[in-house]
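Work through the exercises below with the structure open beside you. Try each task before reading its solution.

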Amino acid sequence: MSTPRVEQMRSDSARKHPAWAAVREAFRVDWGPRTSVEKLLEDAGRALDEEQGALRRREPRLDQALGFGNTVTEREILQMYASTAYQEKGLCVILVLKLAVAMLEYGQNTVDAELMLLKVIHSLGLPHPHLNLGARSLQMSFGGGPVHLMNCKMDLLADKLLDISALCRHIAENKVDPADALCVLDGIIQRPLPFGWLVHFFNLECVCSWAALAAFFGTWQDMAAAAMITPFALLTRQFCMRKGLANLELLLCSLVVGIVTPLVWRYIVEVPLCHVPILWGSALLIYLPGCELIYGAYEIKYGSVINGAAQLMAALVRCMIMGVGLTIGWQVFGRDAAMAATDGKRGAIASMVPADACSFTGPSWQFVFGVLNFPMLFHCFLSLNMRLADLINGFCVAYPSLFAFMALVQMGTFPDYVTDAIGMFIAANLGSALERWNGTPICISIVPMVIILAPGWPSVRSVLGSMQKSVIPDEKVTDFWTDLALQGAAYAVGLSLALGMWRAWNHGHTQTRSQSGTNDAESDLSEESGSSDSRLSPC
């Protein structure tokens with residue numbers, strides 16, 4: 001771990017040689033393991049003067065915004081509780097609010113986030129909590145106090161989510177000074193990611209390139225073509241992130257892939273027409289709907305109809321935007337590209353994005369899921385900003401789950417949707433066991449599996465097929481909305497069965513050493529949460 005003197009020397013060097021500092025930052029890799037939360041809290045306690053009160057120790061940070069797009073300051077939150085019965089709990093409220101937003105920002109699902117927050121709230125002694133967690137915002141209040149409305153967005157940063165989850169567990173099980181916990185939380189939030197932007201870019205490039213083989217069962221030629229197309233999509237993504245064009249990112253990336261794909265296909269790597277869906281699917285892998293399908297159906301199952309339907313509709317619209325963007329971009333260099341498949345006809349009929357894909361044109365499934373999934377999963381976990389020291393945990397869940405799923409598919413013993421449910425059931429059980437053993441959140445374990453299965457790819461192809469029907473009357477198009485919802489429901493059934501069995505064990509028996517009688521109170525809180533419509537599922 002770097003000392004303050006080393007950090008000062010690096011800062012001085014960066015000021016003297018800004019170009020070299022930028023290169024070092026781009027290629028930065030943090031090889032060290034994560035520091036334990038216990039050690040972080042111990043260091044924070046030493047750094048702060050023990051003779052000062054908790055509020056005085058927090059004074060230098062009180063005028064800073066809460067962060068994550070929320071401009072309210074900690075001092076303003078404290079003033080809301082001034083001259084009330086909860087005045088002494090002001091720092092605890094700030095701690096819970098920041099923990100809630102941080103967990104959602106870093107990828108925790110809303111069900112586990114709510115369960116963990118209820119335990120933290122009870123350990124801190126905050127009365128009568130009311131939580132309403134969503135994908136874009138959260139509401140929280142305590143007793144008769146003010147209602148806090150916070151902004152958030154869903155992402156997945158595995159390195160920080162692991163530490164935030166560990167901090168929550170520690171607070172739930174031990175008596176912790178809120179000022180020390182806030183200091184540790186600020187350090188986790190402000191800590192740089194384990195990889196520089198160029199290393200992260202390289203990992204995303206490898207994930208999308210390997211997907212041609214490991215996710216879509218293409219050939220080595222398909223992988224080479226995908227490796228040429230993907231950088232254009234990733235550079236467009238970087239441009240949108242740096243220029244504040246996040247709302248246009250999906251459309252612009254689809255446009256760029258639609259422009260570049262026919263160039264690579266026609267002039268560089270010539271493959272049959274049915275291989276083209278593998279090319280654009282690999283380049284847009286990170287944008288294909290996945291978790292929205294699973295958790296949308298899952299939320300509806302648990303009674304959150306509005307939020308669940310919103311996620312399913314978001315997945316549907318995402319598929320449509322990708323289909324339209326690909327088609328618009330295709331018109332630049334893909335005009336009349338499919339003349340051979342249309343008996344020489346030109347115009348719109350020969351200028352549509354190919355949607356019908358070949359099946360199993362590459363290596364055997366045993367080689368793909370037994371060998372090629374190693375590099376695929378390796379780069380997939382790194383692209384989620386997981387440290388090298390933490391990779392083995394994710395491998396123990398994703399690798400056997402994917403192999404078992406594909407074996408079931410090849411045996412053809414069960415219908416497709418039953419196989420989907422069984423595959424997710426296996427992954428959720430292994431992920432829950434890992435969570436029970438070392439606290440790794442289950443979403444970190446199963447998201448790479450969802451990425452590789454790419455459940456949104458057939459739906460985007462169905463959208464493209466629907467667009468082709470206007471110029472090809474005999475085109476057979478599957479009902480992409482039905483397929484989309486059914487596939488999400490199948491995954492949700494497997495997920496909910498496993499989590500229903502494990503969640504009571506993982507979240508219902510935490511003994512807190514800071515207060516007595518915690519189990520009874522926690523049970524009451526869990527029952528109250530479970531009966532409320534505000535209980536949401538992973539998003």
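**Exercise 1: Cysteines and burial**

Task: Decide whether Cys396 is buried, partly exposed or exposed.

Solution: The model is a predicted one. Cys396 has a relative accessible area of 46%. Buried means under 20% and exposed means over 50%, with partly exposed in between. Cys396 is therefore partly exposed.

Task: Do the same for Cys443, Cys274 and Cys358, using their relative accessible areas.

Solution: Take Cys443 to begin with; its relative accessibility is 4%, so Cys443 counts as buried. Next, Cys274 has a relative accessible area of 24%, which makes this residue partly exposed. Last, the value for Cys358 is 16%, so Cys358 is buried.

**Exercise 2: The disulfide**

Task: State how many disulfides the structure holds, and find which cysteines form a disulfide.

Solution: The count is one disulfide. To locate the pair, look for two cysteine sulfur atoms within 2.5 Å. The sulfur atoms of Cys274 and Cys358 are 1.5 Å apart, and these two residues form a disulfide.

Task: Give the handedness of the disulfide of Cys274 and Cys358, and say which parts of the chain the pair ties together.

Solution: For the handedness, use the torsion about the S-S bond. The torsion is about 40°, so the disulfide of Cys274 and Cys358 is right-handed. Then place each partner. Cys274 lies in the loop between helix H12 (249–267) and helix H13 (276–283). Cys358 lies in the loop between helix H15 (305–333) and helix H16 (365–383). The pair therefore ties together parts that are 84 residues apart in sequence.

**Exercise 3: Two helices in contact**

Task: Describe how helix H6 (residues 90–105) and helix H8 (residues 158–173) pass each other, and sort the residues of their contact by type.

Solution: Begin with the axes. Those of H6 and H8 come within 10 Å and cross at roughly 145°. The crossing of H6 past H8 is left-handed. On the H6 side, the contact is made by Leu95, Leu99, Ala102 and Met103. On the H8 side, Leu161, Ile164, Leu167, Cys168 and Ile171 take part. Sorting these residues gives nine nonpolar, no polar and no charged.

**Exercise 4: Three strands**

Task: Work out how strands S3, S4 and S5 are paired.

Solution: Start with S3 (residues 129–133) and S4 (residues 137–142), which pair in the antiparallel sense over five bridges. Pro129 stands opposite Phe142 of S4. S3 and S4 form a hairpin, with three residues between them.

Move on to S4 and S5 (residues 148–151). These run antiparallel and are joined by four bridges. Gln139 has Leu149 in S5 as its bridge partner. S4 and S5 also form a hairpin, with five residues between the strands, and in this hairpin Gly143 takes a positive phi near 60°.

**Exercise 5: A serine and the whole protein**

Task: Locate Ser462, classify its burial and compare its distances to Asp356 in sequence and in space.

Solution: Ser462 is found in helix H20 (residues 457–468). Its relative accessible area is 7%, so Ser462 is buried. In sequence, Ser462 and Asp356 are 106 residues apart; in space, their C-alpha atoms are 9.0 Å apart.

Task: How many helices and strands does the protein have, and what share of its residues count as buried?

Solution: There are 22 helices and five strands. Of the 539 residues, 53% count as buried.

Note on methods. Residues numbered from 1 in each chain as written. Predicted model: local features only at pLDDT ≥ 70, side-chain atom pairs only at ≥ 80, totals over all residues. Heavy atoms only, no water. Axes fitted to C-alpha atoms, helices over the stretch in contact; angles between N-to-C directions. Left-handed = near helix turned anticlockwise from the far one by under 90°. Contact = heavy atoms within 4.5 Å. Nonpolar A, V, L, I, M, F, W, Y, C, P; charged D, E, K, R; others polar. Buried < 20%, exposed > 50% of the residue type's maximum accessible area, 1.4 Å probe, protein only. Pairing = 2+ DSSP bridges.
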